[in-house]
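Colleague: I would like a close look at a single part of this model. Please start from one loop residue and work outward from there.

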Amino acid sequence: MKKITLLLSFLICFCTVAFAQIDKKEKTVFGKKINPEFISPSGHIRCASTEYDEFLREQNPNTESIAVFEKWMAKKINDQKSLQEVASQSGGIIYIPVVVHVIHNGDAYGVNENISDEQVQSQITVMNQDYRKLTGTPGFNSNAVGADTQVEFVLAKVDLNGNPTNGINRVNLCQATWSTTAINSTVKPATIWDPTQYMNMWSVNFTDNSLLGYAQFPESSLAGMATTAQNPLTDGVVANYTTFGSSDLVFGSFAQPYDKGRTMTHEVGHFLGLRHIWGDNTACPATNTVNDKDFVADTPAASTANYGCLPGTNSCTGNPGNDMIENYMDYSDDTCMNIFTIGQKTRITTVLNNSPRRSTLKTSVKDVAIPLFAIDAEVKI
C-alpha cells in the first residue's frame, strides 16, 4: 500500500490570526454578486465555486448544463449500483496524485504566501483524515451515514518531465495579490501540470482577502467536443494561503476560524462532484420529502448555509432531520466539520470512475517514486 509520510518541522515564528470584520455589502466574485446569506458573519466568502461555474459557462455558453450533468450522473450511479461497485471499478482505495502550486511574490521560504513544505503537507494530511474518516483524528465521526470515501491524496513523486519531485511547485510570479479572473487567465495556464495525471491545487494570496477558495466542477463524459468541454488549463482547486493546511499540525500562516484545512476539503469535494448541502438556493424541498437540492438523499434538507457551529439547527422544519452542520459541504467553522455521507461517497466514486480528467487520476502513477540507481565508479582490472 502506498503511504504518505508527514514530515513535521518547526518554524521559528508561529502566526495564527483571526480574520478581521469585513463589510458584507455588495460583494462580487467573478463578476457575480454574492447573496448576503452566503457571506459569513465576519464578511467572508467561504466558497465561490458556484459563481466560478457560472463564470465558466458564460465564457463557454455551449458547456453542458447542470441538468445534463445530473441526468448523466443519475444514470451512472444506477449503473454503478447494478454492478455492485463500492469504492472503484477495481475495488479498494483510490489514490490521487496531487501537485500544490505555491504562488508567491518573492517572500522568503515559509514567510507569508510562500508557505512552508510542512504547511502544504499538513493540508494533504487533513484531507486524508477527512476523506478516510480516520479514527482518532478530527476527520472521524460516528454518524450512521458517515462514510469513509476510500479516497486518499498523495503528493506527486514524478514531475511533468519525468523527474523526481516532492509534489510542491513554488512559483514566483512577481505580483503581491491575484484576482480570481487573473488566476484563471494567467496563474493557472502558466503553472498547471497535466490535469489528467495530477489534481492541481493552488495556494495564493487573493486580492479580495474575504475569499477563502473555489474549485472547478467535473463534467460528464458526454462533453467530448471541444465546443462543449471545459478548459482543462483551469481545472483544479484554489485556496487563500492562510486557509491552506492546519494549525493543529504545523506552525505557519493561518487565520482562524478557517485554520484546520477544511477549505480545501470542501473545495476538493466540489472538484469530485459534490454540491453545497442546501443546493445553492434558499428554498426548502417539498414538505416531508428528503433533500434533493444537492442530489444526495442522506443529507437532511437545508435552506441556506450554516456558519459557526450550532447543533440542532433546522432551517427546513417541514422536512425530516436537522441541518447537517458537520458536513464538509456546508459553511460551518473548520472545527465543526467531520462528515461525508454514504450518498456523497457514491457521487465521488461515480465521478472518479467516469468523468474526464477524474477517471484518469485514479489510474495515474505520478505518485509512484522513480527507481534510482547508484552510480558505480569502481574500476576493476
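Colleague: Where does asparagine 112 sit, and which residues does asparagine 112 touch beyond four places in sequence?

Modeller: Asparagine 112 sits in the loop between strand 4 and helix 3 (117-132). Keep in mind that this is a predicted model. Asparagine 112 touches Asp107, Tyr241 and Ser253, with residues up to four places away in sequence left out. Its C-alpha atom is 8.5 Å from that of glycine 252, although the two residues are 140 apart along the chain. The backbone stands out too. Asparagine 112 is not a glycine, yet its phi is positive, at about 50°. As background, most residues other than glycine have a negative phi. The relative accessible area of asparagine 112 is 38%, above the 20% limit for buried and below the 50% limit for exposed, so asparagine 112 counts as partly exposed.

A second residue makes a useful comparison. Glutamine 150 also is not a glycine and has a positive phi, of about 60°. Glutamine 150 belongs to the loop between helix 3 and strand 5 (151-155). Here the relative accessible area is 17%, so glutamine 150 is buried.

Next, the loop that follows strand 10. Strand 10 covers 253-256, and proline 257 lies in the loop between strand 10 and helix 5. The peptide bond joining glutamine 256 and proline 257 is cis, with omega about 0°. For reference, most peptide bonds are trans.

Helix 5 comes next. Helix 5 spans residues 262-271, and ten of its ten residues are buried. Among these buried residues are Arg262, Glu267, His266 and His270, together with Met264, Val268 and Phe271. Just after helix 5, glycine 273 takes a positive phi of about 105°.

Further along is asparagine 291. Asparagine 291 lies in the loop between helix 5 and helix 6 (342-354). Its relative accessibility is 2%, so asparagine 291 counts as buried. Asparagine 291 is in contact with Ile277, Pro285, Val296, Ala297, Thr299, Pro300 and Ala301, leaving aside neighbours within four places in sequence. For Ile277, the C-alpha to C-alpha distance to asparagine 291 is 8.4 Å, across 14 residues of sequence.

Now the core. The largest nonpolar core has 63 residues. The members that touch the most other members are Ile96, Met127, Phe153, Met199, Met201, Tyr214 and Leu272. Strand 4 (residues 94-104) gives this core its largest share, six residues. Methionine 127 shows how parts of the chain come together. Beyond four places in sequence, methionine 127 touches Phe153, Met199, Met201, Met264, Thr265 and Val268. Three of these partners, Met264, Thr265 and Val268, are among the buried residues of helix 5. Another core lies apart from the largest one. This other core has five residues, including Trp72, Met73, Ile77 and Val351.

One helix pair deserves a look. Helix 1 (residues 49-59) and helix 4 (residues 180-191) have axes that come within 11 Å and cross at roughly 70°. That angle falls in the range of 65 to 115 degrees, so helix 1 and helix 4 are roughly perpendicular to each other. On the helix 1 side the contact uses Tyr52, Phe55 and Leu56, and on the helix 4 side Thr181, Asn184 and Lys188. By class, the contact has three nonpolar, two polar and one charged residues.

Back out to the whole chain. The chain has seven helices and ten strands. Of its 381 residues, 56% count as buried. Among contacts between residues at least 6 apart in sequence, 72% join residues at least 24 apart.

Last, confidence. The chain averages a pLDDT of 88, and 87% of the residues score at least 70. Two stretches need care. Over residues 1-22, pLDDT stays under 50, and the model has 57 contacts beyond four places in sequence for that stretch. Over residues 85-90, pLDDT also stays under 50, with 16 such contacts. Where pLDDT is low, the predicted coordinates should not be read in detail.

Definitions and conventions. Residues numbered from 1 in each chain as written. Predicted model: local features only at pLDDT ≥ 70, side-chain atom pairs only at ≥ 80, totals over all residues. Heavy atoms only, no water. pLDDT = per-residue confidence, 0-100. Contact = heavy atoms within 4.5 Å. Core = buried A, V, L, I, M, F, W, Y, C linked by side-chain atoms within 4.5 Å. Buried < 20%, exposed > 50% of the residue type's maximum accessible area, 1.4 Å probe, protein only. Helix = DSSP H or I, 4+ residues; strand = E, 2+ residues; numbered from the N terminus. Axes fitted to C-alpha atoms, helices over the stretch in contact; angles between N-to-C directions. Parallel < 35°, antiparallel > 145°, perpendicular 65-115°, else oblique. Nonpolar A, V, L, I, M, F, W, Y, C, P; charged D, E, K, R; others polar.
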